[in-house]
Amino acid sequence: MEIQAFENLKTKFRQADTDTKITMYVETDGLTQLQYKELLRLFPLSELKRLEAALG
C-alpha cells in the first residue's frame, strides 16, 4: 500500500474501536508485512486473542 494511503489507514485505525480495528486488519488488502506489524503495534494487547480468532 502506498505510504500516504497507509498513513490515512493508520490514523483511522488508531481512532477505531476494537471491533473496527479487527475488521480493518483482516480485510485490508495490499499491506506489506511491515505495515501489518505497524498496525499490530497500535492494537490493544488485551484483545489479541480476538484478532487471532478472526485471522484463524
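# Side-chain pairs: worked exercises

The side chains of aspartate 19 and arginine 50 form a salt bridge, with N and O 2.0 Å apart. Aspartate 19 belongs to helix 2 and arginine 50 to helix 4 (residues 48–55), so this pair ties together parts that are 31 residues apart in sequence. The model is predicted, so local features need pLDDT of at least 70 and side-chain atom pairs count only at pLDDT 80 or more, while totals for chains, interfaces and linings use all residues. Residues are numbered from 1 along each chain as its sequence is written, and side-chain values use heavy atoms, with hydrogens and water left out.

**Exercise 1.** State how many salt bridges the model has, and describe those of arginine 50 and glutamate 7.

*Solution.*

Step 1. Side chains of opposite charge can pair when their charged atoms come close. The rule requires a side-chain nitrogen of Lys or Arg within 4 Å of a carboxyl oxygen of Asp or Glu. By this rule there are four salt bridges.

Step 2. Besides aspartate 19, arginine 50 pairs with glutamate 47, at 3.2 Å from N to O.

Step 3. Glutamate 7 pairs with lysine 10, their closest N and O atoms lying 3.7 Å apart. Both are in helix 1 (residues 3–15), and because they are three residues apart, about one helical turn separates them. Helices are DSSP runs (H or I, at least four residues), numbered from the N terminus.

Step 4. A network of salt bridges links Glu7, Lys10 and Glu38.

**Exercise 2.** Classify the residues of these bridges as buried or exposed, or in between.

*Solution.*

Step 1. Buried means under 20% relative accessible area, exposed over 50%, and partly exposed in between (1.4 Å probe, protein chains only).

Step 2. Lysine 10, at 12%, is buried, whereas glutamate 7, at 33%, is partly exposed.

Step 3. Aspartate 19 is partly exposed at 46%, as are arginine 50 at 37% and glutamate 47 at 22%.

**Exercise 3.** Find the aromatic pair and give its geometry.

*Solution.*

Step 1. Rings of Phe, Tyr and Trp (its six-membered ring) pair if their centres lie within 6.5 Å; planes under 30 degrees apart are stacked, over 60 edge-to-face, and the rest tilted. The count is one aromatic pair.

Step 2. The ring centres of tyrosine 25 and tyrosine 36 are 5.2 Å apart and their planes stand at 65°, so the pair is edge-to-face.

Step 3. Tyrosine 25 lies in helix 2 (residues 18–27) and tyrosine 36 in helix 3 (residues 33–41), so the pair ties together parts 11 residues apart in sequence.

Step 4. Tyrosine 25 is buried at 9% relative accessibility; tyrosine 36, at 25%, is partly exposed.

Conventions: Helices (H or I, at least four residues) and strands (E, at least two) are DSSP runs, numbered from the N terminus.
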